[in-house]
Structure formats: C-alpha cells, structure tokens
Amino acid sequence: MNPPPRPTADHDDQVTAQALREQYESGSTVDQLVASSGLSYGTVLNRLHEAGTVMRTSWQTRRLRDGQARRNLAARLRRLYEQQGATLTELAAAGSVTRRVARRLLIEAGGTPRSTQQTLRIRSAASTARRMKLALSLRARYEAGATVPDLAAECSYSVGTVYRLLHQAGTRMRTKHNHGPARAPRKRS
C-alpha cells in the first residue's frame with residue numbers, strides 16, 4: 001500500500017511563512033518567533049527557509065538589536081550611501097544584512113533612499129572624474145615621449161581607447177612615427 005500523499009502547503013502556511021520572514025528581517029530572533037507564533041522551533045526554521053529568508057548569525061542579530069551598535073551600523077551605511085553612491089544591495093553586503101534591513105537602517109540614520117536614476121547620475125559623475133584624471137595622466141606621459149601603444153599596454157586599454165582619452169584631455173598629437181617629445185607649433189609668418 002502506498003503512503004498517503006504529503007499535505008501541500010496551503011495559503012495560511014504561505015502567509016505565515018511570509019509574516020515570519022518579515023518579523024525576522026526586522027530583527028526578531030527565531031526564539032521570539034517561536035514564542036509569538038506558537039509553532040515549534042523546527043517549523044519556524046522551515047517556514048523561514050520556504051520564504052527564502054537569509055539567516056543571520058548570532059553576532060549579526062546581537063549587532064542589530066544592540067542600540068549603539070545599530071546606530072553605528074546605520075551611520076556607516078548612510079555614509080557609504082551618500083558619500084560613495086552605494087546601492088542598497090551594496091549596503092546590505094557591507095552590513096551583512098538584507099536589502100530591507102539596510103533600507104530601514106538608512107532611514108533610521110536620517111538618510112533618504114534614492115531612485116535608480118539618481119544613483120546612476122552619482123556613479124556616472126564619479127566615473128567621469130576618474131576617467132578625466134586618467135586622461136590627464138596619459139596626456140602627461142604622452143607629452144613626455146611615451147607612445148600610444150606603450151600607454152595602451154601599460155594601462156591594459158586598447159590603442160583606440162587611449163587615443164580617445166588623449167583627445168578628451170586636449171592632447172596635441174605628434175605626427176605619425178615621430179616618437180620624441182611633442183614639439184612647439186611653428187609660427188606662421
């Protein structure tokens with residue numbers, strides 16, 4: 001005789017699993033969830049796993065629950081978010097928390113979540129500044145006598161990219177096959 005089919009999770013189980021996940025991600029421990037739900041420890045763990053919950057270590061839970069440590073973490077995440085343009089995903093990784101908890105900590109520290117477009121603008125500006133710094137560095141080395149292929153090999157960029165960077169920096173290019181320092185332009189009479 002075949003064993004009876006396993007009961008499938010009904011809607012109440014899924015709602016409970018999601019509710020447990022939300023409580024857990026807001027800082028509750030598994031023991032607190034057991035006490036509040038009346039479920040066994042194993043059942044709570046299983047439902048958390050069913051809901052796709054990323055489990056914390058005990059030290060991460062203590063850090064989230066300790067007032068001063070939580071404020072310190074929130075302040076650190078806000079600095080990363082506002083000064084370096086980090087995303088919520090990067091904050092979650094830096095704080096060893098979920099995105100939801102990282103967002104909550106950011107708001108607790110007085111930060112305001114940005115839109116995706118705002119984050120892209122911040123990152124683009126930082127990238128543009130780094131690219132211009134590289135272009136000016138390449139220009140100085142080129143004007144000192146380095147060749148474009150040498151610069152490309154040193155920087156692990158293509159020759160075309162080095163040419164574009166030199167052009168962006170306003171570099172006066174040497175004639176082809178003239179590998180000495182750039183000469184001053186002749187004055188026309």
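**Notebook: salt bridges and one helix contact**

I looked up R139 and E143 and found that their side chains meet in a salt bridge, 2.9 Å from N to O (a side-chain nitrogen of Lys or Arg within 4 Å of a carboxyl oxygen of Asp or Glu). Both residues lie in helix α8 (residues 116-143), four residues apart, about one turn of the helix; helices here are DSSP runs of H or I, at least four residues, numbered from the N terminus.

I noted the source: this is a predicted model, in which local features need pLDDT of at least 70, side-chain atom pairs count only at pLDDT 80 or more, and totals for chains, interfaces and linings use all residues. Residues are numbered from 1 along each chain as its sequence is written, and side-chain values use heavy atoms, with hydrogens and water left out.

I then checked accessibility (buried is under 20% relative accessible area, exposed over 50%, partly exposed in between, with a 1.4 Å probe and protein chains only). R139 is partly exposed at 26%, and E143 is partly exposed at 32%.

Next I examined R141 and E154, whose side chains form a salt bridge at 2.2 Å, N to O. R141 lies in helix α8 and E154 in helix α9, so this pair ties together parts that are 13 residues apart in sequence. R141 is partly exposed at 30%, whereas E154 is exposed at 52%.

I also recorded a salt bridge between R100 and E25, with the closest N and O atoms 3.4 Å apart. R100 belongs to helix α7 (residues 99-108) and E25 to helix α1 (residues 11-25), 75 residues apart. R100 is partly exposed at 39%, but E25 is buried at 5%.

How values were computed. Helices (H or I, at least four residues) and strands (E, at least two) are DSSP runs, numbered from the N terminus.
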